[in-house]
Amino acid sequence: MNLTKSKELQSRFHSVIPGGSHTYAKGDDQYPESMPVYLSRGKGCHVWDVDGNEFIEYGMGLRSVTLGHAYEPVVEAVSRQLRFGTNFVRPSPIELECAEALREFIPSAEMVKLGKHGSDATNAAVKLARAFTGRDLVATCKEHPFFSVDDWFIGSTPMNAGIPKAVQQLTVNFHYNDLESLRRLFAGHPKQVAAVILELEKETEPAAGFLAGLKELCAREGAVLVFDEMITGFRWDNGGAQKYYGVTPDLSTFGKAIANGFSVSALAGRRDIMQLGGLHHDKERVFLMSTTHGAESHSLSAALETMRIYREEPVVETLWRQGRLLTEGIRQVTKQLGLADYFYVRGRPCCLSYATLDTAKQHSSALRTLFLQETMRRGLLMPSLVISYSHSDADVQRTVEGIAGALQVYRQALDQGVERYLEGRPVKPVFRKFN
Ligand SMILES: Cc1ncc(COP(=O)(O)O)c(C=O)c1O
């Protein structure tokens with residue numbers, strides 16, 4: 001694979017941008033050292049790097065691009081809106097349209113406030129919950145990797161430099177599918193927990209009664225229940241995983257899939273809580289989401305068009321169907337190669353990832369890196385296995401063929417040692433204390 005131009009760009013990126021990327025998940029340490037590809041364009045589920053190499057990809061803008069890159073109807077809607085201006089001094093009807101559309105989709109949305117980043121919404125949820133309850137602690141689900149760029153969450157990770165101890169101590173944890181752990185938390189911090197925040201589902205399905213039990217427990221303890229639907233929203237169902245599982249939270253947060261990669265996020269929830277950020281109450285005012293670019297109108301037109309497509313076309317059904325096709329194809333390959341215990345697909349078909357295990361059945365970042373290296377060589381870019389509406393049967397078939405080739409090398413690496421096959425250092429977790 002020719003990476004001449006990418007390799008030339010690499011030092012320029014690092015000389016001006018700390019980490020060489022504006023998003024940690026896209027950084028060099030997340031990919032094979034020998035393959036620092038820089039992407040210049042995408043169409044559907046295909047992307048091209050600056051040297052002209054083509055990949056079928058399964059990251060899809062960190063799960064924000066559900067329809068496909070440069071998806072024509074969305075591009076058209078954005079282009080039309082751009083001619084009318086992008087930012088005004090008073091609200092524009094498109095903001096109302098967008099909030100109303102979201103309210104129609106999301107079962108628990110009595111009111112909706114829009115932002116740009118997912119973290120805008122989760123930060124606002126935490127602040128609102130604290131103001132509403134008059135309490136300080138936030139309980140996050142320990143098994144869920146990411147909720148916000150802000151101190152209340154980053155302070156609870158190993159990468160907590162620069163965050164005051166006092167702030168770090170305000171975030172506490174409970175475990176997924178373990179109501180008892182939340183009960184213990186409430187008991188250990190009586191009347192101190194403002195919010196309980198989690199994703200409805202990641203790799204593990206919610207145990208029977210877990211989500212409903214959470215809701216009941218939070219109501220009894222007076223804590224605000226927040227479902228972070230950044231990833232599950234518009235993937236599990238058009239109404240998010242709360243619709244899929246039939247359990248509604250007090251507040252929920254959406255981003256990513258709302259606008260097919262354009263920057264729109266939303267906080268939705270109970271009127272009595274959301275109103276604290278508004279003008280019609282006599283309590284203390286809460287500074288909710290409010291930024292200069294918050295209602296940038298071309299992003300909102302992308303959201304409206306994307307939501308129109310969700311409403312009128314079988315997007316979610318397609319994500320699930322193509323995810324199943326991919327899972328089945330990979331399962332056949334791993335079975336043939338005797339790898340079923342060492343490489344397997346995880347999660348729901350609409351939002352898959354994979355596990356790379358060594359001979360001791362421990363998670364191996366060296367084997368993950370080898371898999372990335374060998375799939376990239378075969379024209380696949382797959383930090384996860386996130387499907388989009390644009391992944392056709394032919395794309396999935398080509399993907400399974402590429403994975404079959406990559407897993408043959410993986411098999412040899414398991415038998416003979418990964419260091420014989422891996423070029424460069426293994427990938428590293430984003431949240432680590434030192435480089
Ligand atoms: C579950 C979850 N919540 C919140 C966020 C934060 O979203 P953003 O990166 O748009 O601020 C993310 C981002 O990956 C996420 O996956």
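Axes are lines fitted to C-alpha atoms, for helices over the stretch in contact, and angles run from 0 to 180 degrees between N-to-C directions. Helices (H or I, at least four residues) are DSSP runs, numbered from the N terminus. Two packed helices are described by the angle between their axes and the distance between the axes.

The model is predicted, so that local features need pLDDT of at least 70 and side-chain atom pairs count only at pLDDT 80 or more, while totals for chains, interfaces and linings use all residues. Residues are numbered from 1 along each chain as its sequence is written, and side-chain values use heavy atoms, with hydrogens and water left out.

**First stop: α4 and α12**

Select residues 93–105 for helix α4 and residues 297–312 for helix α12; their axes come within 10 Å and cross at roughly 30°. The crossing of α4 past α12 is left-handed (the near helix is turned anticlockwise from the far one by less than a right angle). Contact here means heavy atoms within 4.5 Å. On the α4 side, the residues in contact include I94, A101 and F105, and on the α12 side they include L300, L304 and M307. By class, this contact has ten nonpolar, two polar and four charged residues. Ala, Val, Leu, Ile, Met, Phe, Trp, Tyr, Cys and Pro count as nonpolar, Asp, Glu, Lys and Arg as charged, and the others, Gly among them, as polar.

**Second stop: α8 and α9**

Next, select residues 179–188 (α8) and residues 210–221 (α9), whose axes come within 10 Å and cross at roughly 10°. The two helices are therefore roughly parallel (an angle under 35 degrees). L179, L182, R183 and F186 in α8 meet α9 residues, among them F210, L214 and L217. Seven nonpolar, one polar and two charged residues make up this contact.

**Third stop: α13 and α15**

Select residues 315–336 (α13) and residues 393–416 (α15): the helices pack at an angle of about 25°, with their axes 9 Å apart. That angle makes α13 roughly parallel to α15. Here α13 passes α15 in a right-handed crossing (clockwise).

**Final stop: the ligand**

Which residues are around the ligand? They are H117, G118, S119, F146, F147, E199, D228, M230, I231 and K256, each with a heavy atom within 4 Å of the ligand. Three polar contacts (pairs of N or O atoms within 3.5 Å) can be displayed here. A polar side-chain atom of D228 lies 2.6 Å from a nitrogen atom of the ligand. A side-chain N or O atom of K256 is 2.9 Å from a ligand oxygen atom. For F146, a backbone N or O atom lies 3.4 Å from a nitrogen atom of the ligand.

Key
Angles under 35 degrees count as roughly parallel, over 145 as roughly antiparallel, 65 to 115 as roughly perpendicular and the rest as oblique. A polar contact is a pair of N or O atoms within 3.5 Å; within protein, one must be able to donate a hydrogen and the other to accept it, and residues adjacent in sequence count only if both atoms are side-chain atoms.
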